[in-house]
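Work through the exercises below with the sequence and the coordinates open beside you. Each task is followed by a solution that goes step by step.

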Amino acid sequence: MTDTTIKTYTGEAESEETTEESGEQERCPECGGRVISDAEHAETVCEDCGLVVEEDEIDRGPEWRAFDAAEKDEKSRVGAPTTNMMHDQGLSTNIGWQDKDAYGRALSSRQRQKMQRLRTWNERFRTRDSKERNLKQALGEIDRMASALGLPENVRETASVIYRRALEEDLLPGRSIEGVATASLYAAARQAGTPRSLDEISAVSRVEKMELTRTYRYIIRELGLEVKPADPEHYVPRFVSDLDLSDETERMARELLESARQEGVHSGKSPVGLAAAAVYAAALLTNEKVTQNDVSEVASISEVTIRNRYKELLEASDTAAPA
């Protein structure tokens, strides 16, 4: 009986201490007033003196809003968002490649063999037919090439959608999976305003440049894609960044290209060559040290092209300059 009494008393004491601690947390450290949580501004403030006790609180609610029960049911979700960059849109289960348990401990040899068998069967079940296997291989190629070219996620998503459309409209017979995947990525990069040259694309692709251009024209025509001619100015920021040049040089290069556009010099010329020549000319005008060879390596074009376009840009700039 004595033991029971002691335990009960201890429990009451702990309860009182917990209440006191929680009461201290709900009091303002400045005036002792009651603090409240302001979810709209993500702050905890004192009701009496207005002191902000905490700020930048984490909003654990959804990022969307719903105005009725039906809309809430439609928008509610769990797990990662779906994506077109995976053949099953990311709705399947992935088994990690690390041979460790939830606590970070290494698995035994028997468990490792079991996990490897599970991974093998999981991969087999994820692709039900030849169409899904085709899509899985193509999307893997798009992701690999986009990573090598430093293209953002929106370009990969667009390229995946273009390839899915080509597959649905039965445009692949007679053409390689790699060829259509590369053409889709090239078209997506141009649509997104982050173009890459054919030489850059073919350098990371597994198809020849001739096959790439032929497949690209076919995809554009059959799918009715609207792709504007590449603008030389879209290449300038990347060239300037790779050469570690200043913002002044980039601004000057854009001005040279604008003068060339007004004089009609850019018509019929390679946008990559014009952009490279503009960056080289701008670097000289701003007294930055850069050689034609440096620009040639970054832009993947010959020094002869840079010299020819460089002279034309300077002549157009002199002509467009006000007297």
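The exercises go from the whole chain to its strands, its cores, its rings and a few single residues.

The model is predicted, so that local features need pLDDT of at least 70 and side-chain atom pairs count only at pLDDT 80 or more, while totals for chains, interfaces and linings use all residues. Residues are numbered from 1 along each chain as its sequence is written, and side-chain values use heavy atoms, with hydrogens and water left out.

**Exercise 1. Describe the chain as a whole.**

Start with the secondary structure, for which helices (H or I, at least four residues) and strands (E, at least two) are DSSP runs numbered from the N terminus. The chain comes to 13 helices and three strands. Next take burial, where buried means under 20% relative accessible area, exposed over 50%, and partly exposed in between, with a 1.4 Å probe and protein chains only. Of the 323 residues, 34% count as buried. The exposed area of the chain is about 20,800 Å², of which carbon and sulfur atoms supply 47%; such areas come from the Shrake-Rupley method with a 1.4 Å probe, and for residues only the protein chains shown count as cover. Finally consider contacts, meaning heavy atoms within 4.5 Å. Among contacts between residues at least 6 apart in sequence, 61% join residues at least 24 apart.

**Exercise 2. Work out how strands E1, E2 and E3 pair.**

The criterion is that two strands pair if DSSP finds at least two bridges between them. Strand E1 (residues 35-38) and strand E2 (residues 43-46) pair in the antiparallel sense over four bridges, and Asp38 stands opposite Glu43 in E2. Four residues lie between the strands of this hairpin, in which Ala42 takes a positive phi near 55°. On to the next pair: E2 and strand E3 (residues 52-54) are also antiparallel, over two bridges, with Val45 having Val52 in E3 as its bridge partner. The hairpin of E2 and E3 has five residues between the strands, and Gly50 in the turn has a positive phi of about 80°.

**Exercise 3. Locate the largest nonpolar core and say which helices supply it.**

A nonpolar core is a set of buried Ala, Val, Leu, Ile, Met, Phe, Trp, Tyr and Cys residues joined through side-chain atoms within 4.5 Å. The largest such core has 35 residues, of which Tyr163, Leu185 and Ile219 touch the most other members. At least two residues of this core come from each of helices H4 (130-149), H5 (153-168), H6 (177-191), H7 (198-204) and H8 (209-223), and the largest share, nine residues, comes from H6. As a check on Tyr163, leave aside its neighbours within four places in sequence; its contacts then include Leu135, Ala138, Leu172, Val180 and Ser184. A second, separate core of 31 residues includes Met252, Val295, Ile301 and Ala316.

**Exercise 4. Classify the ring pair of Tyr280 and Tyr310, and place it in the fold.**

Rings of Phe, Tyr and Trp (its six-membered ring) pair if their centres lie within 6.5 Å; planes under 30 degrees apart count as stacked, over 60 as edge-to-face and the rest as tilted. The rule gives three aromatic pairs. For Tyr280 and Tyr310 the ring centres are 5.3 Å apart and the planes stand at 70°, so this pair is edge-to-face. Because Tyr280 lies in helix H11 (residues 271-285) and Tyr310 in helix H13 (residues 303-320), the pair ties together parts that are 30 residues apart in sequence. Tyr280 itself is buried, with a relative accessible area of 10%.

**Exercise 5. Compare the settings of Ser197, Ser300 and Asp244.**

Ser197 is found in the loop between H6 and H7, and at 8% relative accessibility Ser197 counts as buried. Not counting residues up to four places away in sequence, Ser197 touches Tyr186, Tyr235 and Val272. Ser300 is 103 residues from Ser197 in sequence, yet their C-alpha atoms are 8.5 Å apart. The loop between helix H12 (292-299) and H13 holds Ser300, which is partly exposed at 36% relative accessible area and has a positive phi near 60°. Asp244, in the loop between helix H9 (236-242) and helix H10 (247-263), also has a positive phi near 60°, and Asp244 counts as exposed at 67% relative accessibility.
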